[in-house]
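Q: Please walk me through how to read a protein model, one feature at a time. I would like the general idea first and then the case at hand.

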Amino acid sequence: MTATTLKPGTGKELKRLFALLSASISETLGSLISREITVRPSEPALQDVDAFLADLPRTCAVARGALDKGFAGKSFQAIIEVADAIAMAGLLMMTPEDVVNQRRTKGTLEGEDAEAFGELGNVLYSGLGGVLREQVGNIDIRFQDHGVIKPGVDKNGVLGSGNLVVFGFRMKVGDYPESTGALAVDLATAEAWNKSPLEFGGGEAPAGAAAPAPAAPTAVRPEDEGLESIPLAPVRGTLAAFVLQGDALRMLRRSCRRVGFELRRHGRGEIPNPAAHRNEVVVLDVPPGEERRFDWCRRLKEMSTSTKVVLLLHHPSRPRVTQAFLSKADAILGFPCDEMQLSQKLGTLLPPAPAPAPAGDPAPPAAPA
């Protein structure tokens, strides 16, 4: 059976949930090993376990989770290339880098590395469980066990049998090369999480964990009325927008064009991954009832001082401004606000413009004839 992707425009709830689970991998494991981990999810695909194994490009480690409560008896799999599993295990144990590299080259997850990977699995599923409890309800999950799968071989049966909904991703651990991985769950569970049946047939997807990289986040687009009339400043920084209001996004597009930011818009359900926004400006709008965004700001600032955070407070009040100040935001604005005021604030967060090159020495006088 070939892997088939979802039909365009379907499975929105499932894709939103898996995007949150992917962000949780970055945050929980990155915090544990004190390295930046980025996870870039792709489209979910349906594939039979045997076909998945047959097309698996490399040996992978599988951390299996056991679902409980309303999904008791079901399993969930996090699939990571063995080289990355070894690297994260070594970083957790503070193994010397040369030893980690030797073990990565050998490609065998064993001994203390296997034991440390089990600890990583416990932390991983703690984070995944938090997302599932908040988003699905009547569910729990715990780390069950781990194993290794190879192309065509699942010796310990950690993937089970039948059809899986496989959510591929690309993963980068610290300075190590980017790899591939996947999250997988059985079809019935995936449909329950989606709250409606899933329609597949959007075309063939690369099998195994080697999923295609997702499209780049939406950059600034000259589509708003009057946007092209704003002078386009040279891009000198990146702005990640986690905003809920369309008016806020339109204003950010205009300000970014005017000031010199590349705008990257993130989905409404996404949670900022503190490890993925170093040297960027992150804008969070905070409508009433979204006070958790103050916690997002605090986590972003605690991870890296190079991350600048702007909070747009809807209906600002003294308590909310105080809360924003305590979350260590670099800039706080009431919203709605004037676009030029927002542009001015963003401009202060850009790195200094490069100094002009010094003029060359004057040419020596010509020799007398």
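**Reading the fold, one feature at a time**

Q: Let me begin with a strand pair: which residue stands opposite Gly181 in β7?

A: Ile80 is the residue opposite Gly181 in β7. Strands here are DSSP runs of E with at least two residues, helices are runs of H or I with at least four, and both are numbered from the N terminus. Two strands pair if DSSP finds at least two bridges between them. Strand β4 (residues 75–81) is joined to β7 by 5 bridges, and the two run antiparallel.

Q: What should I know about the model before we go on?

A: It is a predicted model, in which local features need pLDDT of at least 70 and side-chain atom pairs count only at pLDDT 80 or more, while totals for chains, interfaces and linings use all residues. Residues are numbered from 1 along each chain as its sequence is written, and side-chain values use heavy atoms, with hydrogens and water left out.

Q: How many helices and strands are there in the protein chain, and what share of its residues is buried?

A: The protein chain has 10 helices and 13 strands. Of its 369 residues, 48% are buried; buried means under 20% relative accessible area, exposed over 50%, and partly exposed in between, using a 1.4 Å probe and protein chains only. For contacts (heavy atoms within 4.5 Å) between residues at least 6 apart in sequence, 74% join residues at least 24 apart.

Q: How do I read the two faces of a strand?

A: In a regular strand, side chains alternate between the two faces of the sheet. In β7 (residues 179–186), 8 of 8 residues are buried. One side carries Ser179, Gly181, Leu183 and Val185, the other Thr180, Ala182, Ala184 and Asp186, and both sides are covered.

Q: Which other strand is joined to β7, and by how many bridges?

A: Strand β6 (residues 163–173) is joined to β7 by 8 bridges, again antiparallel. Val165 stands opposite Val185 in that pairing. The two strands form a hairpin with 5 residues between them, and Gly174 in the turn has a positive phi of about 55 degrees.

Q: Where can I look for a parallel pair?

A: Look at β11 (residues 281–286) and β12 (residues 308–314), which run parallel and are joined by 6 bridges. Asp285 is opposite Leu312 in β12. Because 6 of its 7 residues are buried, β12 is largely enclosed by the rest of the structure.

Q: How do I read a single residue in a loop, say Leu159?

A: Ask where it sits, then what it touches. Leu159 lies in the loop between β5 (139–149) and β6, and is buried at a relative accessible area of 3%. Beyond four places in sequence, Leu159 touches residues including Val49, Phe52, Leu53, Ile79 and Leu164. Val49 is 110 residues away along the chain, yet the C-alpha atoms of Leu159 and Val49 are 7.0 Å apart.

Q: Is Met303 buried, partly exposed or exposed, and what does Ser343 offer for comparison?

A: Met303, in helix α8 (residues 292–303), is partly exposed because its relative accessibility is 28%. Met303 contacts Ser31, Pro274, Ala275 and Arg278, neighbours within four places left aside. Ser343, in helix α10 (residues 339–347), counts as buried because its relative accessibility is 5%. The side chains of Ser343 and Ser255 make a polar contact of 2.9 Å; the term means a pair of N or O atoms within 3.5 Å, where within protein one must be able to donate a hydrogen and the other to accept it, and residues adjacent in sequence count only if both atoms are side-chain atoms.

Q: How many disulfides are there?

A: A disulfide is a pair of cysteine sulfur atoms within 2.5 Å. The count comes to 0 by this rule. Cys60 is buried at 2% relative accessible area, and Cys256 is buried at 1%.

Q: How do I find empty space?

A: Rolling a probe the size of a water molecule over the atoms shows where empty space is left. On a 1 Å grid over the protein atoms alone, a cavity is a set of points where a 1.4 Å probe fits but cannot get out, a pocket is an open set with protein on both sides within 12 Å along at least five of seven lines, and lining residues have an atom within 4 Å of a point. Points are joined across faces, edges and corners, and a volume is the space filled by probe spheres set on them. There is 1 cavity of 30 Å³ or more, and the largest has a volume of about 40 Å³. Its lining includes Glu13, Gln135 and Trp193, and helix α1 (residues 12–33) gives the largest share, 3 residues.

Q: What is the volume of the second largest pocket?

A: The second largest pocket has a volume of about 340 Å³. It is lined by 16 residues, of which Arg35, Leu91, Glu97, Asp175 and Tyr176 are the closest to its centre. Helices α1, α3 (82–92) and α4 (97–106) each supply at least two residues of that lining.
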